[in-house]
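Me: I am in my first year and still learning to read models of this kind. Could you take a close look at one part of this one with me, and tell me how far the model can be trusted there?

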Amino acid sequence: MDNFLIQITGKKRVVLYSPKDAPYLYLSGTKSEVLDVDNPDFEKYPLFVKAKRYECYLEAGDVLFIPGGGSKNAGKICLLFQAVLTGLIKALWFHNVISEEFGVGLNVFWKHLPSECYDKSDTYGNKDPTAASRAMQILDRALKTLEELPEEYRDFYARRMVLRIQEKAYRTDYK
């Protein structure tokens with residue numbers, strides 16, 4: 001489900017990363033393994049330095065639009081509502097939220113995809129759309145199957161799979 005985070009009182013700092021930076025965010029499922037984005041361990045996460053960081057602050061009266069999907073932490077995809085109007089930030093941005101002081105935020109959820117896209121048992125919209133969940137399960141099975149091959153063959157066929165996914169599923173209009 002989509003979500004508006006409305007900051008009623010207090011302040012929050014939001015660190016945003018473009019979906020194009022996903023290869024550098026060390027994603028495990030829908031969460032980043034890099035928990036401290038202010039002081040990341042570059043020895044453990046050397047590619048994280050390549051992720052371009054955008055930062056914004058929410059104060060009382062500000063609204064953050066969070067498209068459905070992702071998780072509650074760094075893997076959550078989000079978009080600053082104000083930026084929709086200016087066109088500066090596009091949807092599907094990974095984020096990390098840090099409270100700067102005590103505050104109250106209100107989340108307003110709603111579904112925008114056809115109802116058959118959602119898991120009927122997922123009241124709060126925390127799960128991926130059902131088609132995406134099925135695709136991830138199929139991918140996990142395919143990767144498990146590749147483990148039967150010697151390392152050099154596994155690497156070769158995994159790279160072919162990645163290229164096919166890029167060719168068939170990636171958007172071509174990213175700038």
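Reply: Let us begin with confidence, since this is a predicted model. Among the elements of the chain, helix H2 (residues 130-146) has the highest mean pLDDT, at 93, whereas helix H1 (residues 81-86) has the lowest, at 36. Helix H1 is therefore the part to look at with most care, as pLDDT is the predictor's confidence in each residue, from 0 to 100. Over residues 69-92 the pLDDT stays under 50, and for this stretch the model has 66 contacts beyond four places in sequence. For the chain as a whole the average pLDDT is 77, and 74% of the residues score at least 70.

With that in mind, it helps to see the setting. The chain has three helices and nine strands, and read from the N terminus the elements follow the order β-β-β-β-β-β-β-α-β-β-α-α. Of its 175 residues, 27% count as buried, and among contacts between residues at least 6 apart in sequence, 66% join residues at least 24 apart. The accessible surface comes to about 11800 Å², and carbon and sulfur atoms account for 57% of that surface.

We can now turn to the strands, starting with one residue. Gln 7 sits in strand E1 (residues 2-9), and Gln 7 counts as buried because its relative accessible area is 1%, where the cut-off for buried is under 20%. Beyond its neighbours within four places in sequence, Gln 7 is in contact with several residues, including Lys 12, Leu 58, Glu 59, Gly 103 and Val 104.

Strand E2 (residues 11-17) has six of its seven residues buried, so this strand is largely enclosed by the rest of the structure. Strand E2 is joined by seven bridges to strand E5 (residues 53-59), and the two run antiparallel. Within this pairing, Val 14 has Cys 56 in E5 as its bridge partner.

The surface offers another view. Ile 8, Phe 102, Val 104 and Leu 106 make a nonpolar surface patch of about 410 Å². Val 104 thus appears both in this patch and among the contacts of Gln 7. Leu 106, for its part, belongs to strand E9 (residues 104-110), and Leu 106 counts as partly exposed because its relative accessibility is 40%, which falls between the limits of 20% and 50%.

Notes. Residues are numbered from 1 along each chain as its sequence is written. This is a predicted model: local features need pLDDT of at least 70, side-chain atom pairs count only at pLDDT 80 or more; totals for chains, interfaces and linings use all residues. Side-chain values use heavy atoms; hydrogens and water are left out. Helices (H or I, at least four residues) and strands (E, at least two) are DSSP runs, numbered from the N terminus. Buried means under 20% relative accessible area, exposed over 50%, partly exposed in between (1.4 Å probe, protein chains only). Contact means heavy atoms within 4.5 Å. Accessible areas come from the Shrake-Rupley method with a 1.4 Å probe; for residues, only the protein chains shown count as cover. Two strands pair if DSSP finds at least two bridges between them. Patches are made of residues with over 30% relative accessible area and no salt bridge: like charges are joined within 9 Å, nonpolar side chains (Val, Leu, Ile, Met, Phe, Trp, Tyr) within 5 Å. A salt bridge is a side-chain nitrogen of Lys or Arg within 4 Å of a carboxyl oxygen of Asp or Glu.
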